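Reader: I'd like a close look at how the helices pack in this one, starting with a single helix pair and working outwards. Please keep it chatty and name the residues as you go.

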Amino acid sequence: MPFAELSITSNFTFLTGGSHPEEYARRVSELGMQAFAIADANSVAGIVRAHCELKALKREVAEAQRVARGEVEGPSTLAHVVSPDAVIPRQISAARIVLANRFDVTVLPQDRAAWGRLSQLLTLGKRRSVKGACELHLKDLLGFSEGQMLLIHPPETPSESWRQHAETLIKAIPDCFLVLAPRYDGQDRSRLKRLAKLATQLNIPPVASAEPLMHHGNRRRLTDVLTCIREGLRIDAIGRAAQPNAERRLRSESEMLLLFRGCEDAVHRSGDIAARCHFALTELRYEYPSEVSGGEESQQRLVRLAREGLHWRYPEGASEKVQKQVAHELALIEKLKYAPYFLTVHDVVDFARSRGILCQ
């Protein structure tokens, strides 16, 4: 399968990522990549920006195609900006969960239900902490793991406690993978072999990632400035905290295959994982609160209240015309699923009247 970058860090990982989600979305298209995942630390905030940018890109490509076919009269600002053959990549929703003990794993929900569990996990961690922080533990990750695919990020030197955490996850969750990522320090050949051996010991497949911090190498200096702000350093005293080079950038499939010579299967496996993640943000719709009360469904409750209202307004009995009108309106409300809205209005008015508050 074609390579898909599944561990992108954007600027929504505060003071770490050097590029906006929108920039990654555009760059992924330029590189001809079929799929990608922005996975920020304990956050899914950035993926909406990328989603909106892809929608804009799709519109631009459609217009460029119309221009190419001669269907647009007059000049077009998009004709020379976007190629009519540009790839519209598929975005995979993800988050990089960093546990309280620094155990690091990218979570990829496979379906709508799994996305809901990931959202609940993040909500749980953020409610425990001060604003801007997130406190999660291994048992929390296990509790919301159904339907998730996990990419485990190994440290440079795995400790015994790290191995225990990894083994616990692997035993409980069927879809676990070990991330192989270069560090561009001249030691990557031996590093990748060592990590591939670790994957074999853990009995899970390896998957390749460039773990980019930038959509393009020209963001290196900006990334170093962010590091200085994060660490409280002057730029002339950044030392080894600086990026050693501009290599932590988004990479094409051909670059990844070159970097991962001997581990090509890990590069292609990323595409296999991407193909198994079916959830998309387009599945989400606004859902009005159900207004279920005492086990009574919203439509049933509305019908009951309507009948009580008829009795209150027409104590001697409503006319046939009125009853037909009420039945017609209730049927329409049920068809449109608007019952919860009317129940909200009823409850607000009922509360106001109980407190002597004027309402209309």
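Author: Let's agree on one term before we start: two residues are in contact when heavy atoms of theirs come within 4.5 Å of each other. Keep in mind too that this is a predicted model.

With that cut-off in hand, take α5 and α6. On the α5 side, the residues that touch the partner helix are Trp 162, Arg 163, Ala 166, Glu 167 and Ile 170, and on the α6 side they are Leu 198, Gln 201 and Leu 202. Sorted by class, the residues of this contact come out as five nonpolar, one polar and two charged. As for the geometry, α5 spans residues 160-172 and α6 spans residues 188-202, and their axes come within 11 Å and cross at roughly 55°. An angle like that sits outside the parallel, perpendicular and antiparallel ranges, so α5 is oblique to α6. The handedness of the α5 and α6 crossing is right-handed.

Now go back towards the N terminus, to α1 (residues 21-30) and α2 (residues 47-68). Their axes come within 8 Å and cross at roughly 45°, and α1 and α2 are therefore oblique to each other. The crossing of α1 past α2 is right-handed. From α1, the contact uses Pro 21, Glu 22, Ala 25, Arg 26 and Ser 29; from α2, it uses Arg 49, Ala 50, Glu 53, Leu 54, Ala 56, Leu 57 and Glu 60. By class, that makes six nonpolar, one polar and five charged residues.

Ser 29 deserves a pause. This residue belongs to helix α1, and at 8% relative accessibility it falls under the 20% cut-off, so Ser 29 counts as buried. Leaving out residues up to four places away in sequence, Ser 29 touches Leu 57, Ala 86, Val 87 and Pro 89. With Val 87 there is also a polar link: the Ser 29 side chain reaches the backbone oxygen of Val 87 at 2.5 Å.

A second buried spot sits outside the helices. Arg 251 is in the loop between α7 (220-231) and α8 (253-259), and with a relative accessible area of 4%, it is buried. What does its side chain hold on to? One partner is the side chain of Tyr 184, in a polar contact at 3.3 Å; another is the side chain of Glu 247, at 2.2 Å. Not counting residues up to four places away in sequence, Arg 251 touches Phe 3, Leu 31, Met 33, Tyr 184, Ala 210, Met 256 and Leu 259. Tyr 184 thus turns up both as a touching residue and as a polar partner.

Last stop: α10 (residues 298-313) and α11 (residues 320-336). These helices pack at an angle of about 160° with their axes 11 Å apart. That angle is over 145, so α10 and α11 are roughly antiparallel to each other. Their crossing is right-handed. The α10 side brings Gln 299, Leu 302, Val 303, Ala 306 and Leu 310, and the α11 side brings Val 322, Val 326, Leu 330, Ile 333 and Glu 334. By class, this contact of α10 with α11 has eight nonpolar, one polar and one charged residues.

Definitions and conventions:
Residues numbered from 1 in each chain as written. Predicted model: local features only at pLDDT ≥ 70, side-chain atom pairs only at ≥ 80, totals over all residues. Heavy atoms only, no water. Axes fitted to C-alpha atoms, helices over the stretch in contact; angles between N-to-C directions. Helix = DSSP H or I, 4+ residues; strand = E, 2+ residues; numbered from the N terminus. Parallel < 35°, antiparallel > 145°, perpendicular 65-115°, else oblique. Left-handed = near helix turned anticlockwise from the far one by under 90°. Nonpolar A, V, L, I, M, F, W, Y, C, P; charged D, E, K, R; others polar. Buried < 20%, exposed > 50% of the residue type's maximum accessible area, 1.4 Å probe, protein only. Polar contact = N/O pair within 3.5 Å; in protein donor to acceptor, adjacent residues only side chain to side chain.
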